[in-house]
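Hi everyone, thanks for coming. I'd like to walk you through one protein today, slowly enough that nobody gets lost. Have a look at the screen while I talk.

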Amino acid sequence: MVSFKVDTHERALAVLERVLDENYAVLEAAVSRMPGVNLVPLESTYLPWLDCRGLGLNDDELKRLVEKEAKLWLDMGTMFGPEGAGFVRVNLASPKAMIEDACSRLERAVTALGE
C-alpha cells in the first residue's frame, strides 16, 4: 500500500513538473518578444519575476499597464519592498491556456507602449 502512494505522488510530481516547464517555456517565448521586459531565471520556484524596468515606467504606471491595459492580476514587486520596484511576479501553477492568454495580453499591452 505504501508503494502505491509513493508511486502516485511521484507520478503527480512528474506531471506538475512537466506543466510548470511547459508554462515557463510559454512565458520565456512571450517575454523574448517584449522589448524592455526581461525574465529573471527561476531559482527553485514556480513564481518567476519579470524585470520591467526597461519599459521606463514608474510603479504606478507599471501597475496600470498590468491591471488596466493587460487586465491581469499579478504580484507587483513593490509589495515585497523597495527592491521590487519595476518587477512583477507570475504564477506558473495555472492551466497552460491561462498562461498563454496572460502572456498574449501582457505582450499586447507592452507592444502598445511603443506605438
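I'll start with the overall layout and then go to a few places inside.

One thing to keep in mind: this is a predicted model. So what are we looking at? The protein has 3 helices and 4 strands. If you trace the chain from the N terminus, the elements come in the order α-β-β-α-β-β-α. For a feel of the dimensions, the C-alpha atoms fill a box of roughly 60 × 30 × 20 Å along the principal axes. Of the 115 residues, 34% count as buried. And here's a number about how the chain comes back to itself: take the contacts with a separation of 6 or more, and 57% of them are between residues 24 or more positions apart.

Okay, let's go inside. Which residues have the most contacts within the largest nonpolar core? They are L27, V37, L50, L62, V66, V88 and L106, and the core as a whole has 27 residues. The elements that give two or more residues to this core are helix 1, at 2–32, helix 2, and helix 3, at 96–113. Helix 1 supplies the largest share, 6 residues.

Let me pick V37 from that list. Skip its neighbours within four places in sequence, and V37 is in contact with V31, L50, D51, C52, L55 and V110. Notice that L50, which V37 touches, is also on the list of core residues with the most contacts.

Now stay with V37 and find G54. These two are 17 residues apart in sequence, but their C-alpha atoms are 6.0 Å apart in space. G54 sits in the loop between strand 2, which is 49–51, and helix 2, which is 59–69. Is G54 buried or exposed? Exposed, because its relative accessibility is 59% and the cut-off for exposed is over 50%.

Next, the aromatic rings. How many aromatic pairs does a search of the whole structure find? The count is 2. In one of them, the rings of W49 and F80 have centres 5.2 Å apart and planes at 80°, so we call the pair edge-to-face. This pair links distant parts of the chain, with W49 in strand 2 and F80 in the loop between strand 3 (75–76) and strand 4 (87–89), 31 residues away.

The other pair is W49 with F87: ring centres 6.3 Å apart, planes at 85°, so edge-to-face again. Here W49 in strand 2 meets F87 in strand 4, so the pair ties together parts 38 residues apart in sequence. Put W49, F80 and F87 together and you have one aromatic cluster.

How exposed are those three? W49 counts as partly exposed, at 24% relative accessibility. F80 is partly exposed too, with a relative accessible area of 39%. F87 counts as buried because its relative accessibility is 13%, and buried means under 20%.

Let's move on to empty space. Rolling a probe the size of a water molecule over the atoms is how we see where space is left. In this protein, the largest pocket has a volume of about 260 Å³. It is lined by 16 residues, and the closest to its centre are W73, L74, V90, N91 and A102. Which element gives the most to that lining? Helix 3 does, with 5 residues. By type, the lining divides into 12 nonpolar, 2 polar and 2 charged residues.

Last stop: two residues with an unusual-looking angle on my list. S44 has a positive phi of about 55°, although it isn't a glycine. You'll find S44 in the loop between strand 1, at 38–39, and strand 2. With a relative accessible area of 84%, S44 is exposed.

K71 also has a positive phi of about 55° without being a glycine. Its loop runs between helix 2 and strand 3. K71 is exposed as well, with a relative accessible area of 57%.

To wrap up, if you want to practise, find W49 on the screen and look for its two partners, F80 and F87. Then go to V37 and trace its contacts, including L50 and V110. That's it from me, thanks for listening!

Methods. Residues are numbered from 1 along each chain as its sequence is written. This is a predicted model: local features need pLDDT of at least 70, side-chain atom pairs count only at pLDDT 80 or more; totals for chains, interfaces and linings use all residues. Side-chain values use heavy atoms; hydrogens and water are left out. Buried means under 20% relative accessible area, exposed over 50%, partly exposed in between (1.4 Å probe, protein chains only). A nonpolar core is a set of buried Ala, Val, Leu, Ile, Met, Phe, Trp, Tyr and Cys residues joined through side-chain atoms within 4.5 Å. Contact means heavy atoms within 4.5 Å. On a 1 Å grid over the protein atoms alone, a cavity is a set of points where a 1.4 Å probe fits but cannot get out, and a pocket is an open set with protein on both sides within 12 Å along at least five of seven lines; lining residues have an atom within 4 Å of a point. Grid points are joined across faces, edges and corners, and a volume is the space filled by probe spheres set on the points. Ala, Val, Leu, Ile, Met, Phe, Trp, Tyr, Cys and Pro count as nonpolar, Asp, Glu, Lys and Arg as charged, and the others, Gly among them, as polar. Rings of Phe, Tyr and Trp (its six-membered ring) pair if their centres lie within 6.5 Å; planes under 30 degrees apart count as stacked, over 60 as edge-to-face and the rest as tilted.
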